[in-house]
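Trainee: Please take one part of this protein and go through it closely, as I would like to see how its core and its strands are built up. Some idea of where that part sits in the whole chain would help as well.

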Amino acid sequence: MSTHTHPSTDLERQHPVDDPGLEPHAERYIDSDERLGRAANRQVVALFGLSPLLALAATVVYFAIPRDLEITFIGFHTPAHHFWFGLLLGSAILLIGLGAVHWARTLMSDVEMIEERHPIASSEEDRAGILAEIDKGIADTGLSRRKMILASMGGALGLFAVPMLVTLADLGPWPTRSERARTIERTLFAEATPSKPVRLVNDTTWAPIRAADLEIGQLVNAQPENLKNLHGTAVQVEKSKAAIIIVRMAIDKINIPESRKDWHVDGILCYSKICTHVGCPISLWEQQTHHLLCPCHQSTFDLGDSGVVVFGPAARALPQLPITVNEAGELVAHGDFTVPVGPSYFERDSRNDYQKGDN
Ligand code: FES
């Protein structure tokens, strides 16, 4: 049975439960001892003052430590440049945070207040009161009196911007034509030549892929075998461009344009695994329709028609890699992709991209 009763008077409606009031005010140690207050003031200044030194140290480290130097930290290998820059910059912002918290807890006003709930629109009188409270709050922060804290905090925040700005240098080098040809427009397959082809290998087992082992409808994630020669971050950088998928389709069910008739081995075709929209790796394969779906924004490519886009935001066909077989029947490449892989960028030349209907 319900024991709920409705409040009957305005007062009961406004205060359905007893007002517990405020806890007794506990005085902070600095409120009763001016000497401790001054010490807290110095601590806040010290925290804010140390931060710019660390920010400057991070800036120096950014330029001073060679990018290829690695260190071992708790069993992990990591680039020394990343480690020290991150540690110093992180400590700089931590000190700003600690200084702000220490300031708020020890030096700002420490008065408990109760604010009654009331209708949303305040009266003129209340608004004037609130503005007066805001003025008082600003005065209570001590901003006008504590010039040292203000100056040190300003310095800490200002110098913290320096290492942030220098990291913009990592957006470089400027993508000139030769720089692009050396980096984003080149994959590891460029090392392959007709006399020294590169084998295509499974991307987890490194096993060479034999044409005879692939069945119609099958898709294999693969990569160039020469990726094995690289170490450290170079492996990730090169793999992100040279990742490929190999599919086998019934040759009479797909469209092979004249210009690509030597690019496949009995209906085995090789494509870049990197979506031409914004670069997600793709391998969602629908073998009946020959469609490959990107999970990021649903771009869909027709691998049975030179990788053209049939749906979604991607603007370019998936780059296809010309392949053949060696004496052992293993799939190999004799050269690089004919167009840059991955997403578009301002300077990209799209004239060689395959368009539906090209031959
Ligand atoms: S990255 Fe593939 S659709 Fe956006």
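Mentor: Two residues are in contact if their C-beta atoms, placed from the backbone, lie within 7 Å. On that basis, residues 24 or more positions apart account for 63% of the contacts in the protein with a separation of 6 or more. The model is predicted, and local features need pLDDT of at least 70, side-chain atom pairs count only at pLDDT 80 or more, while totals for chains, interfaces and linings use all residues. Residues are numbered from 1 along each chain as its sequence is written.

As for the whole, the domain assignment, which is automatic or from a database, gives domain 1 (24-113 + 122-171) and domain 2 (178-333), and their C-alpha centres lie 51 Å apart. The radius of gyration, taken over C-alpha atoms, is 33 Å, whereas a compact globule of 359 residues would have one near 21 Å, by the rule of 2.2 Å times the number of residues to the power 0.38. Along the principal axes, the C-alpha atoms fill a box of roughly 90 × 70 × 40 Å. The secondary structure comes to eight helices and 13 strands, counted as DSSP runs numbered from the N terminus (helices H or I, at least four residues; strands E, at least two).

The part to look at closely is the largest nonpolar core, which has 40 residues. A nonpolar core is a set of buried Ala, Val, Leu, Ile, Met, Phe, Trp, Tyr and Cys residues joined through C-beta atoms within 7 Å, and a residue is buried if 20 or more other C-beta atoms lie within 10 Å of its own, exposed if 12 or fewer, and partly exposed in between. L200, I244 and I246 touch the most other members of this core. The strands β3 (198-202), β4 (219-224), β5 (244-248), β6 (268-272), β10 (308-311) and β13 (331-333) each supply at least two of its residues. Leaving aside neighbours within four places in sequence, L200 is in contact with ten listed residues, including A222, I244, I246, C270 and V332. Apart from this core lies another, of 18 residues, among them V44, L54, I149 and M153.

Several of these strands also belong to an open sheet of seven, with the order β11-β6-β5-β4-β3-β13-β12 and antiparallel pairing, where two strands pair if DSSP finds at least two bridges between them. At the edges are β11 (320-321) and β12 (323-325), each of which pairs on one side only. Two bridges join β6 to β11, and the partner of Y271 in β11 is Q320.

Another core strand, β10, is joined to β9 (residues 300-302) by three bridges, the two running antiparallel, with T300 opposite F311. Their hairpin has five residues between the strands, and there S306 takes a positive phi near 55°.

Most residues other than glycine have a negative phi. In the loop between β5 and β6, D266 nevertheless has a phi near 50°, and D266 counts as partly exposed because 13 C-beta neighbours lie inside 10 Å. H290, in the loop between β7 (284-286) and β8 (291-293), has a phi near 65°, but H290 is buried, because 21 other C-beta atoms lie within 10 Å.
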